[in-house]
Amino acid sequence: RGRSGAAFEMASAVTSALACVALTVLATSQSLLVEAAKARGGGKIPYDTSAAVLLTEALKLGIALCTWLWQRKSLNYTGLESFQLVSWPTAAYAVPATFFIVQNNLVFLALSLLDPPTFQLWACFKIIPVGVLARLMLGQRRSSVQWVSLLLLSLGMGVTTTKQDSGAGTKAAASVALGISVLLGSGS
């Protein structure tokens, strides 16, 4: 392996680390920013959440277009060779896009009903059935550390929910239950 191979591996490791940090910051900042907005708005989200979803998607589109333009010269296939604005293959993208719109709006509903720690914990719920089903149905092996982490995640969810239920009134407990239901139903 030459210098260029080692440099490529180092650049790949740095890129992976930066992507991991960026995803962590993005995943945790949404609930904290919404909570800060609720605190300034008297307990309610003081802006139109549909507009927030639209602006978020527009920002992601802008980032994707900039990345594509930056990499376009080095790509063998640009994606534009057979692209038609009005066609069935293009229209098929409207189906998952519609699901993302609904899911993102449900996330804001859940954020309005839950505090950030409860939201983050229950947003990770999908990890548990995926881990168990991957073992049962696909035969994927899990290490002891992975099984313990799934157990700890489950216990954390139970403790947080129990703490919320015992310390809150009936209306607050119903709000937490609805928020958790929204998260589980939306797949977030």
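Helices here are DSSP runs of H or I, at least four residues long, numbered from the N terminus. In this predicted model, L113 is found in one of them, helix α4. Helix α4 (residues 94-113) has the highest mean pLDDT among the elements of the protein, at 88, while the lowest, 74, belongs to helix α3 (residues 88-91). Over the whole protein, pLDDT averages 82, and 88% of the residues score at least 70. A word of caution helps when browsing the model: where pLDDT is low, the predicted coordinates should not be read in detail.

L113 is a handy place to start looking at how distant parts of the sequence meet. Its C-alpha atom is separated by 5.2 Å from that of G179, although the two residues are 66 apart along the chain. Beyond its neighbours within four places in sequence, L113 is in contact with K38, S175, V176, L178 and G179.

One of these partners, K38, also takes part in a salt bridge with E35, in which the closest N and O atoms are 3.3 Å apart. E35 and K38 are three residues apart in helix α1 (residues 3-40), which means that about one helical turn separates them. The structure holds two salt bridges.

Helix α2 (residues 49-71) offers a neat check on geometry. Its 23 residues, at 1.5 Å a residue, should span 33 Å, and the end C-alpha atoms are indeed 33 Å apart. The N-terminal end of α2 is capped by D48, with a side-chain oxygen 3.2 Å from the backbone nitrogen of S50.

Turning to the surface, V132, L133, L136, M137, L138 and W147 make a nonpolar patch of about 640 Å². Helix α6 (residues 127-138) gives the most to this patch, with five residues, whereas W147 lies in helix α7 (residues 144-167).

How values were computed: Residues numbered from 1 in each chain as written. Predicted model: local features only at pLDDT ≥ 70, side-chain atom pairs only at ≥ 80, totals over all residues. Heavy atoms only, no water. Helix = DSSP H or I, 4+ residues; strand = E, 2+ residues; numbered from the N terminus. Expected span 1.5 Å × (residues − 1). Polar contact = N/O pair within 3.5 Å; in protein donor to acceptor, adjacent residues only side chain to side chain. pLDDT = per-residue confidence, 0-100. Contact = heavy atoms within 4.5 Å. Patch = residues over 30% accessible without salt bridge, like charges linked within 9 Å, V, L, I, M, F, W, Y side chains within 5 Å. Areas by Shrake-Rupley, 256 points an atom, 1.4 Å probe, with all protein chains shown as cover. Salt bridge = Lys/Arg side-chain N within 4 Å of Asp/Glu carboxyl O.
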